[in-house]
Amino acid sequence: MEVAGEPIRVQSIAQAGLTQVPLQYVQPPQHRPIHSSSSPPITIPVIDLFGSDPAQRDLVRAAIGRACNDWGAFHVIGHGISTDLLRRVKRVGLTFFNDCPVADKVRYACDPTSSATEGYGSRMLERDDTVLDWRDYFDHHTLPLSRRNPSRWPHFPADYRSTMAEYSDRTGSLASELLELISESLGLPSRCIEDAVGEFYQNITISYYPPCPQPELTLGLQEHSDMGAITLLVQDEVGGLEVLKDGQWVKVQPLDDDAILVLLADQTEIITNGKYKSAQHRAITNAHRARLSVATFHDPAKAVKISPASQLLSKSSPPRFRGVVYGDYVSSWYTKGPEGKRNIDALLLES
Ligand SMILES: O=C(O)CCC(=O)C(=O)O
Ligand SMILES: [Fe+2]
């Protein structure tokens with residue numbers, strides 16, 4: 001089932017045909033998903049970017065402002081990334097997980113002794129005592145170009161590396177355009193958030209959630225908000241992502257192939273002084289079908305200090321967060337665990 005000495009991959013457990021999940025994957029009752037059809041009948045906003053048509057910019061900016069305010073998450077269409085590329089990125093990911101033998105996959109294993117290293121893995125946190133996610137992943141370091149080394153990515157299928165590189169370039173530009181619109185929606189200069197973040201450190205994580213014999217006891221990915229500035233996410237048609245809205249978990253229904261989900265992440269919440277909140281989300285599992293998602297994270301460099309934008313501060317609007325060096329934020333996230341939004345909450349100043 002496993003190559004000797006290699007950490008367990010969830011896909012191998014799923015393929016062993018167990019009827020019960022191993023205990024390490026069983027969530028405590030308060031974190032178990034409620035598997036019912038009673039998800040609130042509300043859906044995440046869908047915003048058409050109209051291919052960046054300047055004539056539509058006012059309209060788009062206003063829609064983005066509302067979605068950031070109400071949800072911290074929204075779908076975009078009309079974003080200029082071709083449906084063909086979105087399909088290809090999901091297809092190469094799925095082909096790697098489904099069709100590459102385990103012995104080949106583990107050649108790309110990430111370093112299990114430290115967090116966020118590039119490659120094929122399963123555990124997210126450094127702590128040993130946490131409940132494990134029902135998920136395997138492949139993490140790619142994609143931007144800046146000095147970090148990008150496609151020889152560390154799967155060689156199979158043949159177009160894997162070129163597809164990921166193309167997708168990285170396209171999502172990097174889209175993230176930049178979205179941060180401009182988000183800044184403008186708060187009356188800030190277009191480059192305000194991007195200037196605070198600095199050059200993007202982009203990572204792309206393909207998550208693979210095998211079918212799970214006990215979906216009611218497990219989570220594919222525990223509840224968290226992403227730690228960087230902005231995440232762009234595509235998922236296949238299976239579904240399983242949920243976003244927390246006013247204390248309720250709302251299913252993010254997969255849309256047509258061309259929609260991309262935008263999730264505001266913690267550094268944007270800090271830079272906007274809490275005017276926009278990062279989206280808390282999680283992935284649930286199902287008993288029947290494997291699910292795939294591709295998350296593209298845009299983060300500051302580790303040395304960058306993030307603080308609320310000065311333009312948003314005044315006597316009547318004091319800073320709500322302490323400034324933080326991004327590398328320290330990341331270390332604390334991986335050692336303490338996300339537990340919802342505990343890491344950003346720890347930076348809140350008394351008001
Ligand atoms: O699989 C998903 O839909 C969510 C993935 C995610 O939240 C993440 O990788 O941070
Ligand atoms: Fe996430």
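The paragraphs below lead from a sheet to an iron ion and then to a bound ligand.

This is a predicted model, in which local features need pLDDT of at least 70 and side-chain atom pairs count only at pLDDT 80 or more, while totals for chains, interfaces and linings use all residues. Residues are numbered from 1 along each chain as its sequence is written, chains are lettered from A and ligands numbered from 1 in the order in which they are written, and side-chain values use heavy atoms, with hydrogens and water left out.

A convenient starting point is an open sheet of four strands, ordered 6-11-8-9 and paired in the antiparallel sense; strands here are DSSP runs (E, at least two residues) numbered from the N terminus, and two of them pair if DSSP finds at least two bridges between them. Strand 6 (221–224) and strand 9 (248–251) form the edges, each pairing on one side only. On average, neighbouring strands of this sheet are turned by 25° against each other, direction ignored, with axes taken as lines fitted to C-alpha atoms and angles running from 0 to 180 degrees between N-to-C directions. Strand 8 (residues 241–245) and strand 9 are joined by four bridges in the antiparallel sense, and V243 has V250 in strand 9 as its bridge partner.

The iron ion (ligand 2) has as its protein donors H224 (NE2), D226 (OD) and H281 (NE2), lying 2.1 Å from it, where donors are N, O and S atoms within 2.8 Å of the metal (3.2 Å for Na, K and Ca), and sites may look incomplete, as water is not among the atoms. The spacing of these donor residues in sequence is H-x1-D-x54-H. Distant parts of the chain are thereby linked, with D226 in the loop between strand 6 and strand 7 (230–235) and H281 in strand 11 (residues 281–283), 55 residues apart. D226 is buried, with a relative accessible area of 6%, and H281 is buried too, at 4%; buried means under 20% relative accessible area, exposed over 50%, and partly exposed in between (1.4 Å probe, protein chains only).

Ligand 1 is surrounded by residues that include R135, L233, F297 and the iron donors H224, D226 and H281, a residue being near if one of its heavy atoms lies within 4 Å. A polar side-chain atom of Y209 lies 2.6 Å from an oxygen atom of ligand 1, while R291 and S293 each place a polar side-chain atom 2.7 Å from an oxygen atom of this ligand. Taken alone, ligand 1 exposes 300 Å², of which the protein buries 96%, with areas from the Shrake-Rupley method and a 1.4 Å probe. Strand 6 and strand 12 (291–299) are the elements that give two or more residues to the shell, and strand 12 supplies its largest share, four residues.

Notes
A polar contact is a pair of N or O atoms within 3.5 Å; within protein, one must be able to donate a hydrogen and the other to accept it, and residues adjacent in sequence count only if both atoms are side-chain atoms.
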